[in-house]
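Me: I should like a close look at a single part of this structure, described in full and with the reasoning made clear. Please choose one element, explain how its sides differ, and then place it among its surroundings.

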Amino acid sequence: MMPEKLGVSQPVVSDYERGASRLHGELILKVAEILNVTADELLGRETKKPKARPSGKVQQVFEEVSNLPRRQQDKVVEFVSAFVRQQQAEK
């Protein structure tokens with residue numbers, strides 16, 4: 001973890017990583033924000049529900065798309081995003 005993001009020195013971060021020091025409340029909140037999790041998740045009190053992942057044919061197609069050149073991937077994403085927006089608007 002980058003010390004400048006936490007506002008502490010590298011030796012202090014090393015102490016935290018080795019368990020020689022404990023994070024105080026404000027730093028726990030900063031670390032949670034940097035990692036994009038809640039403080040409860042960071043402390044093991046709560047877990048995020050895993051996001052639904054595509055399965056079956058959809059997953060296979062997305063894996064194939066991931067092998068395309070970046071420019072073509074962007075076009076696929078643009079098309080799928082437009083399609084999803086249109087479907088949501090029709091609801």
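Reply: The account below examines one helix, then what follows it in the chain, and finally some features elsewhere.

The model is a predicted one, and the element chosen is helix 3, which comprises residues 25-35.

The buried side comes first. Which residues of helix 3 are buried? They are Leu-27, Ile-28, Val-31 and Ala-32. Because these residues span an arc of only 140 degrees around the axis, they are placed on the same side of helix 3. The face turned away from this buried side carries the exposed residues Glu-26, Leu-29 and Glu-33. Helix 3 therefore has a buried side and, turned away from that side, a face with exposed residues.

What does the buried side meet? The buried residues of helix 3 pack against helix 1 (3-6), helix 2 and helix 4 (39-42). Leu-27 gives a detailed example: leaving aside its neighbours within four places in sequence, Leu-27 is in contact with Leu-6, Val-8 and Tyr-16.

Some of these residues also belong to a wider group. The largest nonpolar core has 5 residues, namely Leu-6, Val-13, Tyr-16, Leu-27 and Val-31. At least two residues of this core come from helix 2 (10-18), and at least two come from helix 3. In soluble globular proteins, nonpolar side chains tend to be buried together. Leu-27 thus appears in several parts of the picture: among the buried residues of helix 3, in the largest nonpolar core, and in contact with Leu-6 and Tyr-16, which are members of that core as well.

Not every nonpolar residue of the helix is buried. Ile-34 is also found in helix 3. Its relative accessibility is 33%, so Ile-34 counts as partly exposed, because the partly exposed class runs between the 20% limit for buried and the 50% limit for exposed. Together with Leu-35, Leu-42 and Leu-43, Ile-34 makes a nonpolar surface patch of about 320 Å². A residue must have over 30% relative accessible area to join such a patch, and the 33% of Ile-34 meets that condition.

The chain beyond the helix deserves attention next. Helix 3 is followed by Asn-36, which lies in the loop between helix 3 and helix 4. Phi of Asn-36 is positive, near 60 degrees, although this residue is not glycine. With a relative accessibility of 58%, Asn-36 counts as exposed, because the limit for that class is over 50%.

Charged pairs can be considered in the surroundings. Side chains of opposite charge can pair when their charged atoms come close. The count of salt bridges comes to 3. One of them joins Asp-15 to Arg-18, with the closest N and O atoms 2.9 Å apart. These two residues are 3 residues apart in helix 2, so about one helical turn separates them. Asp-15 is partly exposed at 24% relative accessibility, whereas Arg-18 is exposed, with 59%.

Another salt bridge is formed by the side chains of Asp-40 and Arg-45, at 3.7 Å from N to O. Asp-40 is partly exposed, with a relative accessible area of 31%, and Arg-45 counts as exposed at 67%.

A further salt bridge links Arg-70 and Asp-74, whose closest N and O atoms are 3.7 Å apart. Both residues lie in helix 6, 4 residues apart, or about one turn of the helix. Arg-70 is exposed at 60% relative accessibility, while Asp-74 is partly exposed at 40%.

Helix 6 also includes Gln-73. Is Gln-73 buried or exposed? Gln-73 is buried, its relative accessible area being 16%, which falls within the buried class because that class covers values under 20%. Apart from its neighbours within four places in sequence, Gln-73 is in contact with Val-65, Ser-66, Asn-67 and Leu-68.

A last comparison relates helix 6 to the helix chosen at the outset. Phe-83 lies in helix 6, residues 70-90, and is partly exposed, with a relative accessible area of 45%. Ile-28, by contrast, is one of the buried residues of helix 3. Phe-83 and Ile-28 are 55 residues apart along the chain, and 41 Å separates their C-alpha atoms.

Methods:
Residues numbered from 1 in each chain as written. Predicted model: local features only at pLDDT ≥ 70, side-chain atom pairs only at ≥ 80, totals over all residues. Heavy atoms only, no water. Patch = residues over 30% accessible without salt bridge, like charges linked within 9 Å, V, L, I, M, F, W, Y side chains within 5 Å. Areas by Shrake-Rupley, 256 points an atom, 1.4 Å probe, with all protein chains shown as cover. Salt bridge = Lys/Arg side-chain N within 4 Å of Asp/Glu carboxyl O. Buried < 20%, exposed > 50% of the residue type's maximum accessible area, 1.4 Å probe, protein only. Core = buried A, V, L, I, M, F, W, Y, C linked by side-chain atoms within 4.5 Å. Contact = heavy atoms within 4.5 Å. Arc of directions from axis to C-beta.
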